[in-house]
Amino acid sequence: IIPILYEELGAFSQGLIYAGLDGKYGYFNESGEEVVPFNYETVFDFNQNKAIVQQGGLYGVINLLGQPLLPCSYESIIPDSANYVVKKGAYFGLISAGGDTLLDFEYSSISSFHSGRAIAVKHGKYQYIDYKGNVAFKQAYEFTPSTLNYSSFNRGFARVKQKGKVGIIDVDGQKVMPAIFMDMGYYDEVLTPITKTGKWGYANAKVELAIPYQYNYAYNFKKGFAVVEDDTSKALINVENELV
């Protein structure tokens, strides 16, 4: 269907497969016909009838016919089901799949979306935005280099830092666990890893200490078990803090 002369082949997605030859990429259909010419430096799989491509060092978006939906004029594009987080020059903005600007290019960083929320950073502070570019709730937080990973939402909850302490909020900005901890793992309705003293333990949903501060590090529970560490080794415990 496709002759053996290409340096790289992707996998079929929505009836098209990308191929690379001499540093240029295009797409074939399932009959081996060239549908999108080899005009791009980088291409990605199609998803929801769209694919990100790179031309002249900049990124854009094309449809299944190879027609541009967004011109190749952006330093980076993070796709989402409803829109794109894009970087133009030194700043980030939010653009709809139809090319409408949802959030102006005035942010130093915008994360990908998790649980319907993204982190938008401006002037050393960050807020959470929704898919339409609206501020999800008014509270702003101090930005640090770790924020984009550390404070992204996970299963509807996010870790936030206030006055050097860590707590948990939900997607509406409501406090789930107060910011009283030195550090913590991802929120778990049963047991969440926490530390106040330098040693790690676990708190329940009522913010009660369910497993004492006794470990050098404690990981989140999965299927009823968690890995914990002491000075020399790791172990597996159950929710009763019994060694397994």
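## Notebook: cavity, pocket and selected residues

**Entry 1, enclosed space.** I began with the largest cavity, whose lining consists of Tyr 150, Ser 152, Asn 154, Phe 157, Ala 158, Arg 159, Ile 168, Tyr 186 and Tyr 187. I note at once that the model is a predicted one. Which strand gives the most to this lining? I found strand β17, residues 157-162, which gives 3 residues. The space in the largest cavity comes to about 40 Å³. My search of the whole structure returned 1 cavity of 30 Å³ or more.

**Entry 2, open space.** I then turned to the largest pocket, which holds about 190 Å³ of space. The pocket is lined by 12 residues, and the closest to its centre are Asn 47, Lys 50, Pro 79, Asp 80 and Tyr 84. Strand β6, residues 50-55, gives the most to the lining of this pocket, with 3 residues.

**Entry 3, positive phi.** I looked up two residues for their backbone angles. As background, most residues other than glycine have a negative phi. Gln 48 has a positive phi, near 55 degrees. I located Gln 48 in the loop between β5 (42-43) and β6. Gln 48 counts as partly exposed, because its relative accessibility is 41%. For Lys 163, phi is likewise positive and near 55 degrees. Lys 163 sits in the loop between β17 and β18 (165-170). Is Lys 163 buried or exposed? I recorded a relative accessible area of 88%, so Lys 163 is exposed.

**Entry 4, Asp 130.** I placed Asp 130 in the loop between β15 (125-129) and β16 (141-142). What is the nearest side chain of opposite charge to this buried residue, and how far away is it? I found Arg 117, at 5.2 Å. A salt bridge requires the charged atoms to be within 4 Å, and Asp 130 has none. A polar atom of the Asp 130 side chain does lie 3.0 Å from the backbone nitrogen of Lys 132. Beyond four places in sequence, I listed the contacts of Asp 130 as Leu 94, Phe 113, Gly 116 and Arg 117.

**Entry 5, Asn 238.** I found Asn 238 in strand β26, residues 234-238. Asn 238 has a relative accessible area of 15% and is therefore buried. Which side chain makes a polar contact with the side chain of Asn 238? I identified Glu 242, at 2.9 Å. In addition, the backbone nitrogen of Glu 240 is 3.0 Å from a polar atom of the Asn 238 side chain. With neighbours within four places in sequence left aside, I recorded Asn 238 in contact with Ile 211, Phe 221, Gly 224, Phe 225 and Val 244.

**Entry 6, Phe 92.** I closed with Phe 92, a residue of strand β11 (residues 91-96). Its relative accessible area is 12%; the cut-off for buried is under 20%, so Phe 92 is buried. Where the chain is concerned, Phe 92 and Ser 109 are 17 residues apart, yet I found their C-alpha atoms separated by 5.7 Å. Ser 109 also appears among the residues that Phe 92 touches when those up to four places away in sequence are not counted. That list further includes Ser 76, Val 85, Val 86 and Lys 87, as well as Asp 104, Phe 105, Glu 106, Tyr 107, Ser 108 and Ile 110.

Conventions
Residues numbered from 1 in each chain as written. Predicted model: local features only at pLDDT ≥ 70, side-chain atom pairs only at ≥ 80, totals over all residues. Heavy atoms only, no water. Helix = DSSP H or I, 4+ residues; strand = E, 2+ residues; numbered from the N terminus. Buried < 20%, exposed > 50% of the residue type's maximum accessible area, 1.4 Å probe, protein only. Lys, Arg positive; Asp, Glu negative; His and termini not counted. Polar contact = N/O pair within 3.5 Å; in protein donor to acceptor, adjacent residues only side chain to side chain. Contact = heavy atoms within 4.5 Å. 1 Å grid on protein atoms, 1.4 Å probe; cavity = no way out; pocket = protein on both sides within 12 Å on 5 of 7 lines; lining within 4 Å. Points joined across faces, edges and corners; volume = space filled by probe spheres on them.
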